[in-house]
Amino acid sequence: MKCKIAALIIASLLMTGCGSEANVGVIDIDKVMTDAPQVKAIMDEGAQKMTEIQTAAATELENNPDWTDEEISKAQADVQRKILGIDQAYATQFKHKLDEVLSVIAQEKKLDVVIDSSGEQPIILKGGIDVTDEVIQKLQ
């Protein structure tokens, strides 16, 4: 956390030192994830695929009651690998959508940087242009 704050301070000092003010955008990623329909669809699809994998694994385990501990461990590892792959794929899909929308908004508003303000301790304490609602609107 200290590194992020230090980097932000250094970046703002460099930009103001060059004679121009930095235009900082702020986004609440948590709100985007809960309110944007396209994001909800992506997350719901990923959750559905994970449920399907878990259900199939449970069925396979029920159909093979004589599996050894080693076979069970192998099957569990396989399920975890599949779930991790799905999670990564859908996280990448979300990031790609978000990057596309943020790029457009940043260009429209002439923002130099957009910072995530969600979490326990937002990085921006004062100022910044909140683009959260615009991102959600573009992800309808």
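Begin at the second largest pocket, whose lining residues divide into 8 nonpolar, 1 polar and 3 charged. The model is a predicted one, and the pocket has a computed volume of about 250 Å³.

**Select the lining.** Pick I53, A56, A57, E60, L61, W67, I72, A75, Q76, D78, V79 and K82, the residues that line this pocket. Colour them by class to see the nonpolar, polar and charged groups, with 8 residues in the nonpolar one.

**Select the helices behind the lining.** Next, show α3 (37-63) and α4 (69-109), the elements that each give two or more residues to the lining. Which element gives the largest share? Helix α4 does, with 6 residues.

**Zoom out to the whole chain.** Switch to a cartoon view and colour by secondary structure: 5 helices and 3 strands should be picked out. Follow the elements from the N terminus, and the order reads α-β-α-α-α-β-β-α.

**Look at the contacts.** Now display contacts between residues with a separation of 6 or more. Of these, 83% join residues 24 or more positions apart.

**Finish with the surface.** Turn on the accessible surface, which comes to about 9,700 Å² for the protein. How much of that surface belongs to carbon and sulfur atoms? Their part is 54%. Last, colour the residues by burial: of the 140 in the protein, 23% are buried, where buried means under 20% relative accessible area.

How values were computed:
Residues numbered from 1 in each chain as written. Predicted model: local features only at pLDDT ≥ 70, side-chain atom pairs only at ≥ 80, totals over all residues. Heavy atoms only, no water. 1 Å grid on protein atoms, 1.4 Å probe; cavity = no way out; pocket = protein on both sides within 12 Å on 5 of 7 lines; lining within 4 Å. Points joined across faces, edges and corners; volume = space filled by probe spheres on them. Helix = DSSP H or I, 4+ residues; strand = E, 2+ residues; numbered from the N terminus. Nonpolar A, V, L, I, M, F, W, Y, C, P; charged D, E, K, R; others polar. Buried < 20%, exposed > 50% of the residue type's maximum accessible area, 1.4 Å probe, protein only. Contact = heavy atoms within 4.5 Å. Areas by Shrake-Rupley, 256 points an atom, 1.4 Å probe, with all protein chains shown as cover.
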